[in-house]
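I opened the notebook today to go through one protein model, starting from a single residue and working outwards. The entries follow the order in which I looked things up.

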Amino acid sequence: MTGLVDVTALLLSRIRDVADYPEPGVMFKDITPLLADPAAFTALTDALAAVAASTGATKVVGLEARGFILGAPVAVRAGLGFIPVRKAGKLPGATLSQAYDLEYGSAEIEVHAEDLSSGDRVLIVDDVLATGGTAEASIELIRRAGAEVAGLAVLMELGFLGGRARLEPALAGSPLEALLVV
């Protein structure tokens, strides 16, 4: 248990609070100091790779954009393939897309149609779980591609925004692992 406590303390110590960003009243959790610290970034990568192993994932999906930064080294460490889920219009060739609602408006994400198949168990990786809209859309997108969702792993869950409650029905029993809950 001491190792987990040490990792948690290390990760928390490298996340900077930025008040009133991107708008007044918002406390932004800046992970760039964590990424700049090789020991903290390695600890984060190792922890998320352990989640990948425990879920039996065969591929890692990273959600644009910070999910790319976290998911790619996790995939390498776990010996798995990495697949980016991008904002609409960013991927060439044949894609599958999934629209979803935001607090004000809507958005759309895409994945290359051929990158996922029925034999894949996919771990979704992102930096923060907030309201869960993007993660929920990615779960639907992965299933529409014929793959199974092995779980969702995030560095940080903003518990007060209710994303976990929104995602649990969509995850249908697959784990949601948050290394930190704030």
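**Entry 1: a serine inside a helix**

In which helix is Ser 138 found? I located Ser 138 in helix H5, keeping in mind that the model is a predicted one. I then looked up its accessibility and noted a relative accessible area of 1% for Ser 138, which is therefore buried, the cut-off for that word being under 20%. Setting aside neighbours within four places in sequence, I found Ser 138 in contact with Leu 63, Ile 109 and Ile 124.

**Entry 2: the chain as a whole**

I next stepped back to the whole protein chain, whose secondary structure comes to six helices and nine strands. For 182 residues a compact globule would have a radius of gyration near 16 Å, and because the chain has 16 Å, I wrote down that the two agree. Taken along the principal axes, the C-alpha atoms fill a box of roughly 40 × 40 × 30 Å. I also noted that 38% of the 182 residues are buried, and that, among contacts with a separation of 6 or more, 62% are between residues 24 or more positions apart.

**Entry 3: the nonpolar cores**

In soluble globular proteins, nonpolar side chains tend to be buried together. With that in mind I looked up the largest nonpolar core, which has 25 residues, and in which Leu 116, Ile 142, Leu 152 and Leu 167 touch the most other members. At least two residues of this core are supplied by each of strand S3 (59–63), S4, S6, S7, H5, S8 and H6, and the largest share, five residues, comes from H5. I followed Leu 167 further and, not counting residues up to four places away in sequence, found that Leu 167 touches Leu 129, Gly 132, Ala 135, Glu 136, Ile 139, Leu 152 and Leu 176. Apart from this core I recorded another one, of 23 residues, among them Ala 40, Leu 123, Ala 150 and Ala 153.

**Entry 4: two alanines**

Is Ala 170 buried or exposed? I found Ala 170 in helix H6 (residues 163–171), and because its relative accessibility is 17%, Ala 170 counts as buried. Leaving out residues up to four places away in sequence, Ala 170 touches Glu 136, Ile 139 and Arg 143. I also checked Ala 170 against Thr 95, which is 75 residues away in sequence and 22 Å away in space, C-alpha to C-alpha.

For the other alanine I went to helix H1 (residues 2–13), where Ala 9 is found. Ala 9 has a relative accessible area of 42%, so I entered Ala 9 as partly exposed. The C-alpha atoms of Ala 9 and Asp 127 are separated by 17 Å, with the two positions 118 residues apart along the chain.

**Entry 5: the largest pocket**

Last, I looked up the largest pocket, which has a volume of about 1400 Å³. Its lining takes in 38 residues, and Val 128, Ala 130, Thr 131, Leu 158 and Leu 161 lie nearest the centre. Among the elements that give two or more residues to the lining I listed strand S2 (27–30), strand S5 (95–102) and helix H5 (133–144), while the largest share, four residues, comes from S7. By residue class, I recorded the lining as 22 nonpolar, five polar and 11 charged.

Key: Residues are numbered from 1 along each chain as its sequence is written. This is a predicted model: local features need pLDDT of at least 70, side-chain atom pairs count only at pLDDT 80 or more; totals for chains, interfaces and linings use all residues. Side-chain values use heavy atoms; hydrogens and water are left out. On a 1 Å grid over the protein atoms alone, a cavity is a set of points where a 1.4 Å probe fits but cannot get out, and a pocket is an open set with protein on both sides within 12 Å along at least five of seven lines; lining residues have an atom within 4 Å of a point. Grid points are joined across faces, edges and corners, and a volume is the space filled by probe spheres set on the points. Ala, Val, Leu, Ile, Met, Phe, Trp, Tyr, Cys and Pro count as nonpolar, Asp, Glu, Lys and Arg as charged, and the others, Gly among them, as polar. Buried means under 20% relative accessible area, exposed over 50%, partly exposed in between (1.4 Å probe, protein chains only). Contact means heavy atoms within 4.5 Å. A nonpolar core is a set of buried Ala, Val, Leu, Ile, Met, Phe, Trp, Tyr and Cys residues joined through side-chain atoms within 4.5 Å. The radius of gyration is taken over C-alpha atoms; the globule rule is 2.2 Å times the number of residues to the power 0.38.
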